[in-house]
Amino acid sequence: MRSTVLAVRFVLELCLLAALAVGGWELGGGGPFGAVVAVVAVLAAAGAWGLWVGPRSSRRLADPWRLVLEIGLFALGGLGLWLRWSAGAGLALALVSTVVAVLTRLVGEPVPPRGQ
């Protein structure tokens with residue numbers, strides 16, 4: 001069960017980055033500016049995730065703040081899908097990601113030892 005939840009979580013993290021890219025593209029109106037907005041959105045989210053959510057981060061937030069940040073990022077990804085495709089796609093990403101984020105805490109997250 002744990003490995004399945006963690007695998008689904010990883011796939012959802014990749015979906016988050018893709019959703020932020022399409023949302024950024026849409027907000028930027030496509031073209032070169034849309035591409036810049038998409039790249040900035042993805043880099044900002046990946047940076048925040050790596051800095052405050054990632055298991056190897058030395059600045060990893062403690063729960064409940066880490067969970068709040070994760071839900072916020074997935075909500076932004078859901079908004080990106082909502083803007084580009086449909087409300088259903090956006091809500092699905094946000095809701096499923098929130099459920100999996102909570103499940104991850106229930107089954108146990110992989111936390112590498114400090115210093116590695």
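**A cis proline and a helical core**

Pro 64 sits in the loop between helix 2 and helix 3. In this predicted model, the peptide bond leading from Asp 63 into Pro 64 is cis, with omega near 15°. For background, most peptide bonds are trans, and a negative phi is the usual state for most residues other than glycine. A glycine with a positive phi turns up just after helix 1: Gly 29, at about 75°.

Helix 1 itself covers residues 2-27. Its end C-alpha atoms lie 37 Å apart, which agrees with the 38 Å that its 26 residues should span at 1.5 Å a residue. On the buried side of the ledger, helix 1 lists Val 5, Leu 12, Leu 16, Ala 19 and Leu 20, along with Gly 23 and Gly 24, and also Arg 9 and Glu 13. The cover over these buried residues includes helix 2 (31-52), helix 3 (65-84) and helix 4 (87-107).

Those four helices come together again in the largest nonpolar core, a set of 13 residues in which Leu 12, Leu 16, Trp 49, Leu 73, Phe 74 and Leu 93 have the most contacts. At least two residues of this core come from each of helix 1, helix 2, helix 3 and helix 4, and helix 1 gives the most, with five.

Leu 73 offers a handy look at how this plays out for a single side chain. Setting aside neighbours within four places in sequence, Leu 73 is in contact with Leu 16, Ala 45 and Trp 49. Two of these partners, Leu 16 and Trp 49, are themselves among the residues with the most contacts inside the core.

How values were computed: Residues are numbered from 1 along each chain as its sequence is written. This is a predicted model: local features need pLDDT of at least 70, side-chain atom pairs count only at pLDDT 80 or more; totals for chains, interfaces and linings use all residues. Side-chain values use heavy atoms; hydrogens and water are left out. Helices (H or I, at least four residues) and strands (E, at least two) are DSSP runs, numbered from the N terminus. The expected span of a helix is 1.5 Å times one less than its number of residues. Buried means under 20% relative accessible area, exposed over 50%, partly exposed in between (1.4 Å probe, protein chains only). Contact means heavy atoms within 4.5 Å. A nonpolar core is a set of buried Ala, Val, Leu, Ile, Met, Phe, Trp, Tyr and Cys residues joined through side-chain atoms within 4.5 Å.
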